[in-house]
Amino acid sequence: MLTVDEELAFLWAGYVPTWDPAMLRGIAGEPEEFAALKRDLAKRSEISLLGEAKERFEATMARSLAATGARRHVVPLSGGVDSRAILAWLCENVDRETIVAVSFGVPGTYDYEFPRAVARAAGVRHELVNLDDLPITLDDMAQTAAMLPFLVELWTATQFRLVKERFAGDDSAVWVGYLGDPTAGSKYLPANESADFRSSVDRFVRQSRWAPSPIRETDSRAAFAARMPSRPFIDDPAIMTFEEQLLYAVKQAAYTEPVQYAGENLETVAPFTHVEWSSFMMALPGTLRLGCGLYFRILLGRFPDMMALPTKTVPGFSLARPRRTGSLTEQLETKVRAALRRFGVPGMVNRQENYLNFNEAFRRRPEFQRMAHLAAERLNSRSPFEGIDLRAIVDAHRKAGTDNHRNLMLLTSLYAARSQAS
């Protein structure tokens, strides 16, 4: 059973934060070892580092394959490049008849559309799940909550779990691209670095706000901030930025990792979490990590045909195109969607959308509305919601211009978790 402070922290970020240095040790090694590796890599040429990175990629993938006794390989295939790289490598090293690529999302999004061409080029069986047609219940969410070490927003975790369980059996391994691009540098932003740990924590807390207008905003933010560490894992931000330390030891440990591994009797293989790979990629000089530069060069050189297909990493374009090309496309589409909303015109699909458009789903799917109303009814006037009319929050979401969908996701998640615990 969660405490009131834990539930408040959950209302701020969509997960209950925990500071887990073991997570960082698992992907970076001990602080002294990581610092020594970083100093060593700083002395080497770019060509030398690229060559070793390629060797480590092959060794990591081979080690992952050797560690599983599975006869079937299920690859959740998104519109990005991490899962694509895993699929391409497996196609070269196992019988393609044993591979199933599984994609899910809604029509029109990159995660739903792009994998079709990738699976076709790979020559593997491809299963496509339209999440608009995927049933999900509070009982499903409660089952997911029972599998997780921490409470997280359960809609995303449950959809991912249900899709994996549909296609993965006892003889299957599910290969996920977890931590592929983050360790390679997608979250490395030198302009945001701080030499002061307290300032980094304050920024992390601000950026962790999940709903635009959190329920009990002041209290939930304070509860989340109170669970932050008082000192870093590595004292010198030149060795590892404080921002990345918080990302891995808090959010990845308490939210992303549990979501990736949730599933009934599923063997999950996450090759990019192997310390031999992740520590090397995280210790690279910043110029090679910025924008995942070295990582993308590895993938382009290793799998040129697969990486030539459109990807959401460079929205709508090949990985070989400059990333600014995709950024400009994304900015233009964002402006068009905003303009359509202002004039009350049904918006175009956000092609970068992950999973469902829950804003629309809570308006048009009756079962989602019933779940939200039930959660609001049962949680109303109970701690920590005294003095708050949760039913009004649900009803307001139906009104044009009012978007409470993230609060609805959190209320239903919390109700499902409480139901499971009682």
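Cys 292 sits at 1% relative accessibility in this predicted model, so it counts as buried, the cut-off being under 20%. The backbone there is a bit unusual: phi of Cys 292 is positive, about 60 degrees, although the residue is not a glycine. Its place in the chain is the loop between helix 14 (286-289) and helix 15 (293-302).

Leu 179 tells a similar kind of story. Phi of Leu 179 is near 75 degrees, again a positive value in a residue other than glycine. This leucine belongs to the loop that runs between strand 4 (172-175) and helix 9 (180-186). With a relative accessible area of 3%, Leu 179 is buried too. A further backbone feature turns up at Pro 384, where a cis peptide bond joins Ser 383 to the proline, with omega at about 5 degrees. Pro 384 lies in the loop between helix 19 (366-379) and helix 20 (390-397).

Next comes the sheet. It is an open one, built from 5 strands in the order 3-2-1-4-5, and the pairing is parallel. Strand 3 (125-130) and strand 5 (267-269) form the edges, each pairing on one side only. On average, and with direction ignored, neighbouring strands are turned by 25 degrees against each other. Strands of a sheet pair through backbone hydrogen bonds, either parallel or antiparallel. Here strand 2 (residues 99-105) and strand 3 go for the parallel sense, over 6 bridges. Within that pairing, Ser 103 stands opposite Leu 128 in strand 3.

Helices pack on this sheet as well. Helix 4 touches strand 1 (72-76), strand 4 and strand 5, and its direction makes about 155 degrees with that of strand 4. Helix 8 (residues 154-167) also packs on the sheet, with contacts to strand 1, strand 2, strand 3 and strand 4. The direction of helix 8 makes about 145 degrees with that of strand 3.

As for helix-to-helix packing, helix 2 (residues 21-28) and helix 13 (residues 275-283) have axes that come within 6 Å and cross at roughly 95 degrees. An angle of 65 to 115 degrees counts as roughly perpendicular, so that label fits helix 2 and helix 13. From helix 2, the residues in this contact are Arg 25, Gly 26, Ile 27 and Ala 28; they meet Val 275, Ser 278, Ser 279 and Met 282 of helix 13. Sorted by type, the residues of the contact come out as 4 nonpolar, 3 polar and 1 charged.

Helix 13 shows up again when charges are considered. Side chains of opposite charge can pair when their charged atoms come close. The structure holds 25 salt bridges, and one of them links Arg 63 with Glu 276, whose closest N and O atoms are 3.9 Å apart. The pair ties together distant parts of the chain, with Arg 63 in helix 4 (residues 46-67) and Glu 276 in helix 13, 213 residues apart. Arg 63 is partly exposed at 38% relative accessibility, and Glu 276 is partly exposed at 35%.

Arg 216 and Asp 219 make another salt bridge, at 2.5 Å from N to O. Arg 216 has a relative accessible area of 27%, which means it is partly exposed; Asp 219, at 34%, is partly exposed as well. A further pair is Arg 391 with Asp 389, where the closest N and O atoms are 3.8 Å apart. Relative accessible area is 33% for Arg 391, putting it in the partly exposed class, and Asp 389 joins that class at 42% relative accessibility. Salt bridges can also share partners: Asp 40, Arg 44, Glu 52 and Arg 56 are joined into one network that way.

Finally, there is Glu 217, which is placed in helix 11 (residues 217-226). At 37% relative accessibility, Glu 217 counts as partly exposed. Leaving aside residues up to four places away in sequence, Glu 217 touches Trp 12 and Arg 209. The C-alpha atoms of Glu 217 and Leu 8 are separated by 8.9 Å, although the two residues are 209 residues apart along the chain.

Technical notes:
Residues numbered from 1 in each chain as written. Predicted model: local features only at pLDDT ≥ 70, side-chain atom pairs only at ≥ 80, totals over all residues. Heavy atoms only, no water. Helix = DSSP H or I, 4+ residues; strand = E, 2+ residues; numbered from the N terminus. Buried < 20%, exposed > 50% of the residue type's maximum accessible area, 1.4 Å probe, protein only. Axes fitted to C-alpha atoms, helices over the stretch in contact; angles between N-to-C directions. Parallel < 35°, antiparallel > 145°, perpendicular 65-115°, else oblique. Contact = heavy atoms within 4.5 Å. Nonpolar A, V, L, I, M, F, W, Y, C, P; charged D, E, K, R; others polar. Salt bridge = Lys/Arg side-chain N within 4 Å of Asp/Glu carboxyl O. Pairing = 2+ DSSP bridges.
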